[in-house]
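User: Please take a close look at the sheet in this model. I should like a connected account of how its strands are arranged and what surrounds them.

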Amino acid sequence: MKAQLKMRSVDELINKSDPGWSLVKDWIDSAKNKVEILPVDTVKAKEALYQTQVTTRSPMGAVIYMTGGLLVDGGWIRILGSGCSKLNRTLPGWNKGKSFKEFGEAPSFLLIADDAIGGFFLLNGGGFGKDVGKIYYLSPDNLEYEPLDITYSEFLQFCFNNDLEKFYDGLRWTNWRSEVSKLQGDQVFNFYPFLWTKEGKDINKNHRKAVPVEEQYSLNLDLRKQLGLNK
């Protein structure tokens with residue numbers, strides 16, 4: 001049974017003297033990649049912060065409390081916050097039933113962001129080995145959990161400033177920008193043949209369609225099982 005934490009109140013989690021948002025906002029203001037700050041609903045933000053049990057002094061707490069989420073590079077990467085119409089998922093709500101059953105449990109990992117091609121970014125809470133607090137990428141082109149060896153703060157800076165063309169080399173098709181701009185925040189592209197197959201290696205030749213992100217996440221986990229990738 002998972003350890004149930006004593007839930008701290010929202011007031012205990014809101015740090016007025018040293019909020020993490022000023023730091024995150026500085027990073028966004030100087031970002032090389034385009035970052036869209038999604039509108040926040042205060043009531044939803046408080047609820048999401050309470051459910052996640054992180055303080056607003058931390059960058060993750062700041063993103064949850066101050067944004068409905070962040071869209072990077074025209075929506076290619078979606079960083080979860082407290083949800084809004086354009087990104088209709090909250091960080092805690094999206095993780096419930098995946099990394100924990102009930103709010104207040106210590107999660108073995110947290111899904112913190114995903115991308116338009118059905119890749120998922122996770123923060124290790126202990127379920128992926130000893131590098132607790134480091135980010136992994138469940139990559140659609142090999143279905144492996146790839147250790148990125150960066151923290152959540154470094155992940156934000158990676159999204160804001162890294163050469164994403166290089167990181168996603170071979171995984172962006174001609175005209176991807178116009179298609180991604182029409183994609184809903186709770187959808188991803190599903191590719192056939194699968195990107196991890198030999199036949200699916202040329203992304204411009206693959207058939208693609210928008211599917212619910214929930215469906216793609218479940219499919220990735222099922223395929224990992226079928227391929228014997230779960231240790």
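Analyst: The account below begins with the sheet as a whole and then turns to its individual strands. The model is predicted, and local features require pLDDT of at least 70, side-chain atom pairs count only at pLDDT 80 or more, and totals for chains, interfaces and linings use all residues. Residues are numbered from 1 along each chain as its sequence is written, and side-chain values use heavy atoms, with hydrogens and water left out.

An open sheet is built from 7 antiparallel strands in the order β1-β2-β3-β4-β5-β6-β7; strands are DSSP runs of E with at least two residues, helices runs of H or I with at least four, numbered from the N terminus, and two strands pair if DSSP finds at least two bridges between them. Because β1 (35-37) and β7 (145-147) each have a single partner strand, they stand at the edges, and one side of each lacks a neighbour in the sheet. From one strand to the next, the twist averages 25°, where axes are lines fitted to C-alpha atoms, for helices over the stretch in contact, and angles run from 0 to 180 degrees between N-to-C directions.

At one edge, β1 pairs with β2 over 3 bridges, and V35 stands opposite V72 in β2. Strand β2 (residues 69-72) is covered on both faces: G69 and L71 on one side, and L70 and V72 on the other, are all buried (under 20% relative accessible area with a 1.4 Å probe, protein chains only). The pairing of β2 with β3 spans 4 bridges, with L70 opposite I79 in β3. Their hairpin has 4 residues between the strands, and D73 takes a positive phi near 55° there.

At the other edge, β6 (residues 135-138) pairs with β7 over 3 bridges, and Y136 faces P147 in β7.

Notes: Buried < 20%, exposed > 50% of the residue type's maximum accessible area, 1.4 Å probe, protein only.
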